[in-house]
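Biologist: I am new to this one. Could you show it to me, and let me ask how you reach each description?

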Amino acid sequence: MSNESTVREEIVRLSRSLFERGYSVGTAGNISAAVDDGILMTPTNSSLGFLDPARISKLGRDGRHLSGDKPSKEIFLHHAFYETRPQTGAVVHLHSTFATALSCLTDVDPDDCIPPLTPYVVMRVGQVKLVRYVRPGDEKAGDLIRELKGRYAAVLLANHGPVVTGKDIGSAVYAAEELEETSKLLVLLRGAPTRMLTEENVAELRAVFGAY
């Protein structure tokens with residue numbers, strides 16, 4: 001974890017980059033990052049393109065709102081990842097187009113909804129679980145994440161969009177971008193004969209590069 005002011009600036013910088021490139025629209029999406037004495041989180045109804053570092057919400061490790069604007073209603077979702085994956089340093093939840101499209105399809109594998117199409121999705125994202133639909137901001141979202149017992153660094157929320165974690169804000173954002181780009185490829189390739197990486201390919205990548 002880094003100096004809090006640095007993390008605030010990084011949240012603003014990377015959030016703006018996501019917004020400007022269309023990974024987030026309007027007030028969709030929310031981001032959080034751990035600091036030494038709590039968690040920083042984008043405020044409710046805020047646009048990722050126009051954040052003020054001083055107004056970013058600060059929460060205690062128990063989820064209490066300490067300072068800044070009111071946090072995103074998805075606080076329960078984020079908090080559950082910090083609880084169950086101690087290595088989590090940041091959580092990125094987007095409504096990015098292609099990952100959200102995959103979350104709406106009925107024929108994706110709920111236990112592995114992003115198949116190993118490229119080495120980079122294996123290296124940077126890992127296996128992705130589809131989590132059943134609950135309304136945005138519902139506390140049950142946190143319960144569903146806790147039920148996964150920390151086994152997944154990324155999930156797709158059914159009919160809602162991706163949630164990706166990382167060891168810090170940069171790695172979480174980059175993994176979220178990789179997930180969206182892989183989702184785009186999967187949508188573009190639907191119906192075409194497609195070669196996936198083999199089990200041996202995936203095992204080699206995990207052995208060489210590890211898994212978050």
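Modeller: What follows is a set of short questions and answers on a predicted model.

Biologist: Let us start with the sheet. What is the order of the strands in the open sheet?

Modeller: The order is 4-3-2-1-5-8-7-6, and 8 strands take part. The pairing is mixed. From one strand to the next, the twist averages 25 degrees.

Biologist: What makes strand 4 and strand 6 stand at the edges?

Modeller: Each has a single partner strand, so one side of each is left without a neighbour in the sheet. Strand 4 covers 65-67 and strand 6 covers 128-131.

Biologist: How do you know that strand 1 pairs with strand 5?

Modeller: Count the bridges. Two strands pair if there are at least two bridges between them. Strand 1 (residues 30-35) and strand 5 (residues 90-93) are joined by 4 bridges, and they run antiparallel. Asn30 has His93 of strand 5 as its bridge partner. Ile31 has Val92.

Biologist: How many bridges join strand 1 to strand 2?

Modeller: There are 4, and these strands run antiparallel. Ser32 stands opposite Met41 in strand 2, and Ala34 stands opposite Ile39. Strand 1 and strand 2 form a hairpin, with 2 residues between them.

Biologist: And in what sense do strand 2 and strand 3 pair?

Modeller: In the antiparallel sense, over 3 bridges. One example is Leu40, whose bridge partner in strand 3 is Lys58.

Biologist: Why is strand 1 called largely enclosed by the rest of the structure?

Modeller: Because 6 of its 6 residues are buried. Look at both faces of strand 1. Asn30, Ser32 and Ala34 point one way, Ile31, Ala33 and Val35 point the other way, and all are buried.

Biologist: Which strands does helix 1 touch where it packs on the sheet?

Modeller: Helix 1 touches strand 1, strand 2 (38-41) and strand 3 (57-59). Its direction makes about 160 degrees with that of strand 1.

Biologist: Now the helices. Why is helix 1 called roughly parallel to helix 6?

Modeller: Take the angle. Helix 1 (residues 4-20) and helix 6 (residues 169-189) pack at about 10 degrees, with their axes 10 Å apart. Angles under 35 degrees count as roughly parallel. That makes helix 1 roughly parallel to helix 6.

Biologist: Which residues make that contact?

Modeller: From helix 1 come Glu10, Ile11, Leu14 and Leu18. From helix 6 come Ile169, Gly170, Val173, Tyr174 and Glu177. By class, the contact has 6 nonpolar, 1 polar and 2 charged residues.

Biologist: Next, single residues. Why is Thr165 counted as buried?

Modeller: Buried means under 20% relative accessible area. Thr165 is at 3%, so it counts as buried. Its place is in strand 8 (residues 161-166).

Biologist: What does Thr165 touch?

Modeller: Leaving out residues up to four places away in sequence, Thr165 touches Phe81, Arg85, Thr88, Ala90, Val91, Ala153, Ala172 and Tyr212. Look closely at Ala153. Its backbone oxygen lies 2.8 Å from a polar atom of the side chain of Thr165.

Biologist: Thr88 is on that list. Is Thr88 buried or exposed?

Modeller: Thr88 has a relative accessible area of 6%, so it is buried. It is found in the loop between helix 2 (75-84) and strand 5. Beyond four places in sequence, Thr88 touches Phe81, Tyr82, Thr165, Gly166 and Tyr212.

Biologist: What makes the phi of Asn45 worth a remark?

Modeller: Most residues other than glycine have a negative phi. Asn45 is not a glycine, yet its phi is positive, about 55 degrees. Asn45 lies in the loop between strand 2 and strand 3.

Biologist: Where is Asn159, and what is its phi near?

Modeller: Asn159 is found in the loop between strand 7 (154-157) and strand 8. Its phi is near 60 degrees, a positive value in a residue other than glycine.

Biologist: Why does Asn45 count as exposed, and Asn159 as partly exposed?

Modeller: Exposed means over 50%, and partly exposed lies between that and the buried cut-off of 20%. Asn45 is at 61%, so it counts as exposed. Asn159 is at 48%, so it counts as partly exposed.

Conventions: Residues numbered from 1 in each chain as written. Predicted model: local features only at pLDDT ≥ 70, side-chain atom pairs only at ≥ 80, totals over all residues. Heavy atoms only, no water. Axes fitted to C-alpha atoms, helices over the stretch in contact; angles between N-to-C directions. Parallel < 35°, antiparallel > 145°, perpendicular 65-115°, else oblique. Contact = heavy atoms within 4.5 Å. Nonpolar A, V, L, I, M, F, W, Y, C, P; charged D, E, K, R; others polar. Buried < 20%, exposed > 50% of the residue type's maximum accessible area, 1.4 Å probe, protein only. Polar contact = N/O pair within 3.5 Å; in protein donor to acceptor, adjacent residues only side chain to side chain.
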